[in-house]
Amino acid sequence: MKRLALILCMIGAVFASVPSAAQSTPQSTNILPSNEHVENLGTLKLKLQSYYACTCDCGCYAKELDHQAQAAIDFLDRRAAHKAADEKLALVLDIDETALSNYKQMAAQDYGYVPRAFDAWEDSAQATAIPGTLRLYQEAQRLGVSVFFITGRGEAHRAATEQNLKSQGYTNFAGLTLRSPAQSGESTIEYKSGARKTIADAGYHIILNVGDQFSDLKGSPQAEFSVKLPNPFYYLP
């Protein structure tokens, strides 16, 4: 999975306690400050740490993940209750920062993307389940909705990815799509739209799609309902 950029904007009261570079500079008539229009990168990294670590109800990462996951579960329950007798219902899930968290690796790399390091992390199969998404998966299993994973990870990481998913509780799924070498030049929207089309062509009705990037959700065919999880750590167009 490629890391293209850190999002340079964060919103939430939880960050109010973290001073900006300008606020932390003592006022003095002997200092001529620069006119900086972009927030200091070090300050942004502190905000990422605070966002991940906080536990209050004022805009924390874990709380926002749970809120979005619950919205997805609520929709799944409503839609499955109106399932037609001949319908094959499907839930599509992204993996990184949707089903599994790579925060430990991201923090170790100081929120940068080092391809070789991230490839080694994927192969270690140590990513942890995101609780809300695991609850959504379990609800889909209970309701008889087939679950398909579509990830930007490369095909070479299939065995480790399957191992990681199963070790974290995603033990039974209908399909797992990874990028083939031939698809390496495709945009995320193009690649994931094609993967969803394959699912639809197999006779499934994709009722729900959950991802941490808008590019996980855009394109055609789309699900009946799509849910975007928060991810301030990187952006994939």
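## Exercises on cysteines, sheet and core

At 36% relative accessibility, C58 counts as partly exposed, a value that, like every other one here, comes from a predicted model.

**Exercise 1.** Decide how C56, C58, C54 and C60 should be classed, buried or partly exposed.

*Solution.* Begin with the cut-offs, under which a residue is buried below 20% relative accessible area and exposed over 50%, with partly exposed in between. C58 has 36% relative accessibility and therefore counts as partly exposed. C56 is treated in the same manner, and because its relative accessibility is 30%, C56 also counts as partly exposed. Turning to the other two cysteines, C54 is buried, and C60 is buried as well.

**Exercise 2.** Work out which cysteines are joined, and give the pattern and the handedness of the links.

*Solution.* The step that finds the bonds needs one cut-off, namely sulfur atoms within 2.5 Å. C56 and C58, with an S to S distance of 1.9 Å, are joined by a disulfide, and C54 is joined to C60 with an S to S distance of 1.8 Å. The count is thus 2 disulfides by the distance rule. Counting the bonded cysteines along the chain gives the pattern 1-4, 2-3. For handedness, take the angle about each S-S bond: the link of C56 and C58 has -60° and is left-handed, while the link of C54 and C60 has -135° and is left-handed.

**Exercise 3.** Describe the open sheet, starting from its strand order and then following the pairing of β6 on both sides.

*Solution.* The sheet has 5 strands in the order β5-β4-β1-β6-β7, with parallel pairing. Its edge strands are β5 (175-179) and β7 (225-228), each of which pairs on one side only, and from one strand to the next the twist averages 20°. Strand β6 (residues 205-211) is joined to strand β1 (residues 89-93) by 5 bridges, the two running parallel. Within that pair, L89 has H205 in β6 as its bridge partner, and L93 stands opposite V210 of β6. On the side of β7, β6 pairs in the parallel sense over 4 bridges, and here V210 stands opposite V227. As for covering, 6 of the 7 residues of β6 are buried. Helix α7 (residues 188-201) lies across β1, β4 (146-154), β5 and β6, and runs at about 150° to β4.

**Exercise 4.** Identify the residues with the most contacts inside the largest nonpolar core, and then trace the contacts of L136.

*Solution.* In soluble globular proteins, nonpolar side chains tend to be buried together. The largest nonpolar core of this model has 42 residues, and those with the most contacts inside it are L91, L136, F149, Y170, L208 and V210. Helix α2 (residues 61-80) gives the most to this core, contributing 6 residues. For L136, neighbours within four places in sequence are set aside, after which its contacts are A72, I73, L76, L91, L93, L208 and V210. Two of these contacts, L93 and V210, return from the sheet exercise, where they stand opposite each other. A second, separate core has 9 residues, including A90, F148, I150 and A223.

Notes. Residues are numbered from 1 along each chain as its sequence is written. This is a predicted model: local features need pLDDT of at least 70, side-chain atom pairs count only at pLDDT 80 or more; totals for chains, interfaces and linings use all residues. Side-chain values use heavy atoms; hydrogens and water are left out. Buried means under 20% relative accessible area, exposed over 50%, partly exposed in between (1.4 Å probe, protein chains only). A nonpolar core is a set of buried Ala, Val, Leu, Ile, Met, Phe, Trp, Tyr and Cys residues joined through side-chain atoms within 4.5 Å. Contact means heavy atoms within 4.5 Å. Two strands pair if DSSP finds at least two bridges between them. Axes are lines fitted to C-alpha atoms, for helices over the stretch in contact, and angles run from 0 to 180 degrees between N-to-C directions.
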